[in-house]
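Student: I should like to learn how the features of a structural model are read. Could we work through them one at a time?

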Amino acid sequence: MTAPPITAESVLFPAATHRARIDELARCLHERDVEQFALRRAPIVTTVLRSTALREITTALDRLLQLDLGGLMVRGWRRYDRLREAAIRTRTGSTEQVELLEHEITHTHNPHLEISVDANPVGALDLELRIALLLRPLTATIRGGLLVALGPGDCTLSANVDATEVGRLLHREYTLPVATLVDLRRPIPLVRHDFEDPTVRINRTPGARAG
């Protein structure tokens, strides 16, 4: 049975239940007065309206934070030349090990949120969510074009949420083993035609070089 994916929300807000995670996310946003900024052009801001705005913004960010971290990592690796080349070479059934240097995989999303009451717009907010996975050096084992094993290594997950005219709303960081994010009970194909995702970027960290 395949394990459920580990999401950005579950790592960054490690509460026992989804409801508790949403409440913690709402508290973080409220501490930065996000609802006040979203309603800054509204003629009248009531307590009910402020509560509604906070709930809508929290719900939108919660949906974005359902990002599957293991899936994000694999999509980034499918753009990694050394892994792709090893996958192509081993499609006949051979095995190779690829040393992955320290590198970062990022995902960005730029939603525009509009808040309406009775179909009348009362507020808006432009956000940027950036998820980054900084991976320490580790070894990947490729067999038959598939990722079949990963050597020990850690990954630092960071999430930033910024808003135009407001600045940083949220920053969270967490370090965890790579093996907890990628489910290798079924080998993962590294070469296929549908992996392109323009929001995913993989970068070598400063000072790193290709091997």
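The dialogue below takes up a pocket, a helix, a hairpin, salt bridges and a loop residue in turn.

Tutor: Please keep in mind throughout that this is a predicted model.

Student: Let us begin with empty space. How much space lies in the second largest pocket?

Tutor: Rolling a probe the size of a water molecule over the atoms shows where empty space is left. In this model, the second largest pocket holds about 220 Å³. Its lining consists of 13 residues, and those nearest the centre are Ala26, Ser51, Leu54, Arg55 and Thr58. Two elements, α2 (18-31) and α4 (47-64), each give two or more residues to this lining.

Student: Which element gives the largest share of that lining, and how do the lining residues divide into nonpolar, polar and charged?

Tutor: Helix α4 gives the largest share, with seven residues. By residue class, the lining of this pocket has six charged, four polar and three nonpolar members.

Student: I turn next to helix α5. Is helix α5 largely enclosed or exposed?

Tutor: One reads this from relative accessible area, where a residue under 20% counts as buried. Helix α5 spans residues 69-77, and eight of its nine residues are buried, so the helix is largely enclosed by the rest of the structure. The buried residues of α5 are Leu69, Gly70, Gly71, Leu72, Met73, Val74, Gly76 and Trp77.

Student: What does the side chain of Asp68 reach at the start of α5?

Tutor: A side-chain oxygen of Asp68 comes to within 3.1 Å of the backbone nitrogen of Gly70. Gly70 is itself among the buried residues of the helix.

Student: How many bridges join strand β3 to strand β4?

Tutor: Strands β3 (residues 112-117) and β4 (residues 120-135) run antiparallel and are joined by six bridges. As one register point, Leu113 stands opposite Leu125 in β4. The hairpin of β3 and β4 has two residues between the strands, and Asp118 there takes a positive phi near 55 degrees.

Student: Salt bridges come next. How many are counted?

Tutor: The criterion is a side-chain nitrogen of Lys or Arg within 4 Å of a carboxyl oxygen of Asp or Glu. By that rule, the count is seven. One of them joins the side chains of Arg21 and Glu9, with an N to O distance of 3.9 Å. This pair links distant parts of the chain, since Arg21 belongs to helix α2 and Glu9 to helix α1 (residues 8-12), 12 residues apart.

Student: Are Arg21 and Glu9 buried or exposed?

Tutor: Both Arg21 and Glu9 are buried. Consider also the salt bridge of Glu96 with Arg89, at 2.8 Å from N to O. Glu96 has a relative accessible area of 22% and is therefore partly exposed. Arg89, at 47%, is likewise partly exposed.

Student: And how is the salt bridge of Asp183 and Arg185 to be read?

Tutor: The side chains of Asp183 and Arg185 meet at 3.1 Å, N to O. Asp183 has 30% relative accessibility, so this residue counts as partly exposed. Arg185 reaches 55% and therefore counts as exposed.

Student: Lastly, what phi does Asp33 have, and where is its place?

Tutor: Asp33 has a positive phi of about 55 degrees, although it is not a glycine. Asp33 lies in the loop between α2 and α3 (34-38). With 40% relative accessibility, Asp33 counts as partly exposed.

Methods. Residues numbered from 1 in each chain as written. Predicted model: local features only at pLDDT ≥ 70, side-chain atom pairs only at ≥ 80, totals over all residues. Heavy atoms only, no water. 1 Å grid on protein atoms, 1.4 Å probe; cavity = no way out; pocket = protein on both sides within 12 Å on 5 of 7 lines; lining within 4 Å. Points joined across faces, edges and corners; volume = space filled by probe spheres on them. Helix = DSSP H or I, 4+ residues; strand = E, 2+ residues; numbered from the N terminus. Nonpolar A, V, L, I, M, F, W, Y, C, P; charged D, E, K, R; others polar. Buried < 20%, exposed > 50% of the residue type's maximum accessible area, 1.4 Å probe, protein only. Polar contact = N/O pair within 3.5 Å; in protein donor to acceptor, adjacent residues only side chain to side chain. Pairing = 2+ DSSP bridges.
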